Structures are given as C-alpha cells and as structure tokens.
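Dear colleague,

Please find the structure below, handed over for your files. My account of what was found in it follows directly after.

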Amino acid sequence: MDIDLNSPDIMSATDAAKIWGKNIAYVRNSIRQSPQKWPSGTYRVIGKTLVVTTAGMEAATGIKDPRKK
C-alpha cells in the first residue's frame, strides 16, 4: 500500500483545527482527553509535529470535511 504524503487528507493538527474552525489546541487536547474518538492510525507524531487525517478529524468532531461542501 502506497501512502501519498501530498494528500490533502493528511495535515498538521494546526491546519486541521483551522479547517474545522477549532482552537489550535483542539486536536492535541482531544487526543489526550478522548483518544477513543480517534480511530487507530488517524494521528501520529512525526518529530514534533502532530499529523492527523481527515477521517480522524471527522470521527473526533462529528463534522464532515468542511472543504468538501
């Protein structure tokens, strides 16, 4: 399975928070406080950057990707 790191479905936690209209600390706090909301493989820390997927944000927030409206 190839993973396309250029995919818009992979983004930094900060970018994801902005896209979903959340506070920039939302993603980190959500993962720390409610990890059960995040499906396996939908977030990962790379270096010091928290990277999340669209699927993870949709599961955690209950809101479909705002870019696809």
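Is Lys68 buried or exposed? With a relative accessible area of 59%, Lys68 is exposed. Please bear in mind throughout that this is a predicted model.

I begin with the salt bridges. A search of the whole structure finds 2 of them. In one, Lys68 pairs with Asp9, and the closest N and O atoms are 3.7 Å apart. This pair links distant parts of the chain, since Lys68 lies in the segment after H3 and Asp9 in the segment before S1, 59 residues apart. Asp9 is partly exposed, at a relative accessible area of 30%. A salt bridge also joins the side chains of Asp65 and Arg67, at 2.8 Å from N to O. Here Asp65 is buried, with a relative accessible area of 3%, whereas Arg67 is partly exposed at 38%. As general background, side chains of opposite charge can pair when their charged atoms come close.

Turning to the sheet, 3 strands form an open, antiparallel arrangement in the order S1-S3-S2. Strands S1 (10–12) and S2 (43–46) stand at the edges with a single partner strand each, so one side of each has no neighbour in the sheet. On average, and ignoring direction, neighbouring strands are turned by 30° against each other.

The pairing can be followed strand by strand. S2 is joined to S3 (residues 49–53) by 4 bridges, and the two run antiparallel. Within this pair, Arg44 stands opposite Val51 of S3. S2 and S3 form a hairpin with 2 residues between them, and Gly47 in the turn has a positive phi of about 65°. S1 and S3 are paired over 3 bridges, also in the antiparallel sense, and Met11 has Val52 in S3 as its bridge partner. Of the 5 residues of S3, 4 are buried, so this strand is largely enclosed by the rest of the structure.

Two helices pack on the sheet, as follows.
- Helix H2 (residues 26–33) touches S2 and S3, and its direction makes about 80° with that of S3.
- Helix H3 (residues 54–61) touches S1 and S3, and its direction makes about 80° with that of S3.

H3 deserves a separate paragraph. Its buried residues are Thr54, Gly56, Met57, Ala60 and Thr61. Seen down the axis of H3, these fall within an arc of 160°, so they line one face of the helix. The elements covering them include S1, H1, H2 and S3. After H3 comes Gly62, whose phi is positive, near 75°.

Finally, the interior. In the largest nonpolar core there are 12 residues: Met11, Ala13, Ala16, Ala17, Trp20, Val27, Ile31, Trp38, Leu50, Val52, Met57 and Ala60. Two or more residues are given to this core by each of helix H1 (13–19), H2, S3 and H3. H1 gives the most, with 3 residues. One core member, Met57, has contacts that include Ala16, Ala17, Trp20, Val27, Trp38 and Val52, leaving aside neighbours within four places in sequence. Tyr26, Gly62 and Ile63 are also in contact with Met57. In general, nonpolar side chains tend to be buried together in soluble globular proteins.

With kind regards

Conventions
Residues numbered from 1 in each chain as written. Predicted model: local features only at pLDDT ≥ 70, side-chain atom pairs only at ≥ 80, totals over all residues. Heavy atoms only, no water. Pairing = 2+ DSSP bridges. Axes fitted to C-alpha atoms, helices over the stretch in contact; angles between N-to-C directions. Contact = heavy atoms within 4.5 Å. Core = buried A, V, L, I, M, F, W, Y, C linked by side-chain atoms within 4.5 Å. Buried < 20%, exposed > 50% of the residue type's maximum accessible area, 1.4 Å probe, protein only. Arc of directions from axis to C-beta. Salt bridge = Lys/Arg side-chain N within 4 Å of Asp/Glu carboxyl O.
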